[in-house]
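The following exercises concern how two chains meet and how they are related. Each task is followed by a solution in steps.

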Protein chains: 2
Amino acid sequence: MSRIPATERRTALAHAALAVIARDGLAAATTRAIVAEAGMPLASFHYAVPSRDELLRDVVELVVAEEGSAALAPLMTRAGSIRDATVLAMTAYLELVKRDPGHEQAMFELTQYALRTPGLDDLPAEQYARYHALAIELLDAAGGPWRVPTADLARMLVSFTDGLTLAWLADRDDAAAARTIELAATAIASFAEQAVPSEQKVDA
Amino acid sequence: MSRIPATERRTALAHAALAVIARDGLAAATTRAIVAEAGMPLASFHYAVPSRDELLRDVVELVVAEEGSAALAPLMTRAGSIRDATVLAMTAYLELVKRDPGHEQAMFELTQYALRTPGLDDLPAEQYARYHALAIELLDAAGGPWRVPTADLARMLVSFTDGLTLAWLADRDDAAAARTIELAATAIASFAEQAVPSEQKVDA
DNA sequence: GCTCGTCTGGGACGCTTGACCCACATCGCC
DNA sequence: GGCGATGTGGGTCAAGCGTCCCAGACGAGC
């Protein structure tokens, strides 16, 4: 093992931890499993990181900072109608989940764990703030202007996406998920300025 | 400790386990914590239940069978418009979550754990099938008929509710959650037969 | 080229965990 | 009223956990 500065080891450990969590779950992400994934001796762990919880904080922040934006960036297509663009983006996202279900499960597990852990309970709010900000970008890119505040619509989009993922992880029903996406996209597109010009009261 | 048949102890342990998980999280639900909650000696655990995972299976089934339906039954109001009824029902649900956030968190933790555990990985599908069935009942009670298959709409409703809960657990933003409910209710109501008589293509 | 601070890694400690054993208490039944 | 089936509970086990220690290897600066 060559000599690597502690800060580098720390990020390497965070990446390794994320890989372990995605593959085997949060409960399996022991200090030993993490250093094994990173190819380090056990002692490097507490040399680079004060504690396991501290590393998990790094993992969440890693995910919030890089992963999210990097993965969702290519979803910002602008094809045809707003509804079609929304269907395309959500389908692409679901495809992402299908390709690596463990990764998305890892997100949920990390959020739940952080909510339960005294030193980490501030993270989920930050995490979701980032999600919501990302959704606002997506909605702006998709078209608009919207008849309701974009921030509110963004929160609905994130909520729906989370729920879609959760349900798919549970029953792996591809067809049902696709139909739900169609419905949700129709619903979201109905909030676009030009969709239904008058009528249909909206008082959010 | 009086003599109690093993089957009774088993259900008592399942209830105790759910209480522990809701209060302190799934990771804290050790055999010792569970028997302490139930007021039993440790040995009663493996007398009544073969293993910890077996008990967690009971917990999920307990939750799926009783808890869900019991808690959601009073939500089936039918006040005013379909949109208003939906807002009322979702708000009442969120109120339920706010009153006992740990309980809802426990649901998510159990689902995630079951997905990761070999003997329990069939449970989440069952769990969500129940949720979806419940949502169909709710939608039928709320009004209709619907312009799209009720099952699809139900899945969307469950997805949205899950996402709403997740987001609220993360940032505890009551106002934002309320606004999201308004939006979602409007979206769902737009799929009712009489909402928008013609136009607005829906091809789910 | 010597030295001091940085990094390595094998080993160990104390604790909690799920699981289990077995002597004893209790009850229903013949 | 004895007796076999059933339930009780204290004590214990091995495994795995997070954390820590410390002797040694390395590399940069005087």
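**Exercise 1.** Determine how many residues the contact takes from chain A and from chain B, and which helices of chain A supply them.

*Solution.* In this predicted model, the contact takes 43 residues from chain A and 43 residues from chain B. On the side of chain A that touches chain B, at least two residues each come from helix H6 (101-116), helix H7 (123-142), H8 and helix H9 (174-189). H8(A) gives the largest share, 16 residues. By character, the residues of this side of chain A are 23 nonpolar, 12 polar and eight charged.

**Exercise 2.** Describe how helix H8 of chain A and helix H7 of chain B are oriented to each other, and identify the residues of their contact.

*Solution.* The axes of H8 (residues 150-171) of chain A and H7 (residues 123-142) of chain B come within 7 Å and cross at roughly 125°. Angles of 65 to 115 degrees count as roughly perpendicular and those over 145 as roughly antiparallel; H8(A) and H7(B) are therefore oblique to each other. From H8(A), the contact is made by A:Ala167, A:Ala170 and A:Asp171. H7(B) contributes B:Pro124, B:Ala125, B:Gln127, B:Tyr128 and B:Ala129. Sorted by character, the residues of this contact are six nonpolar, one polar and one charged.

**Exercise 3.** Establish which symmetry relates chain A to chain B, and through which surface the copies meet.

*Solution.* Chain A is superposed on chain B by a rotation of 180° with 0.0 Å of shift along its axis, at an RMSD of 0.1 Å. This is the relation of a two-fold axis. Of the interface residues of chain A, 100% are also interface residues in chain B, so the copies meet through the same surface.

Methods:
Residues are numbered from 1 along each chain as its sequence is written. Chains are lettered from A and ligands numbered from 1 in the order in which they are written. This is a predicted model: local features need pLDDT of at least 70, side-chain atom pairs count only at pLDDT 80 or more; totals for chains, interfaces and linings use all residues. Axes are lines fitted to C-alpha atoms, for helices over the stretch in contact, and angles run from 0 to 180 degrees between N-to-C directions. Helices (H or I, at least four residues) and strands (E, at least two) are DSSP runs, numbered from the N terminus. Angles under 35 degrees count as roughly parallel, over 145 as roughly antiparallel, 65 to 115 as roughly perpendicular and the rest as oblique. Two residues are in contact if their C-beta atoms, placed from the backbone, lie within 7 Å. Ala, Val, Leu, Ile, Met, Phe, Trp, Tyr, Cys and Pro count as nonpolar, Asp, Glu, Lys and Arg as charged, and the others, Gly among them, as polar. Copies are superposed by least squares on the C-alpha atoms of residues with pLDDT of at least 70 in both.
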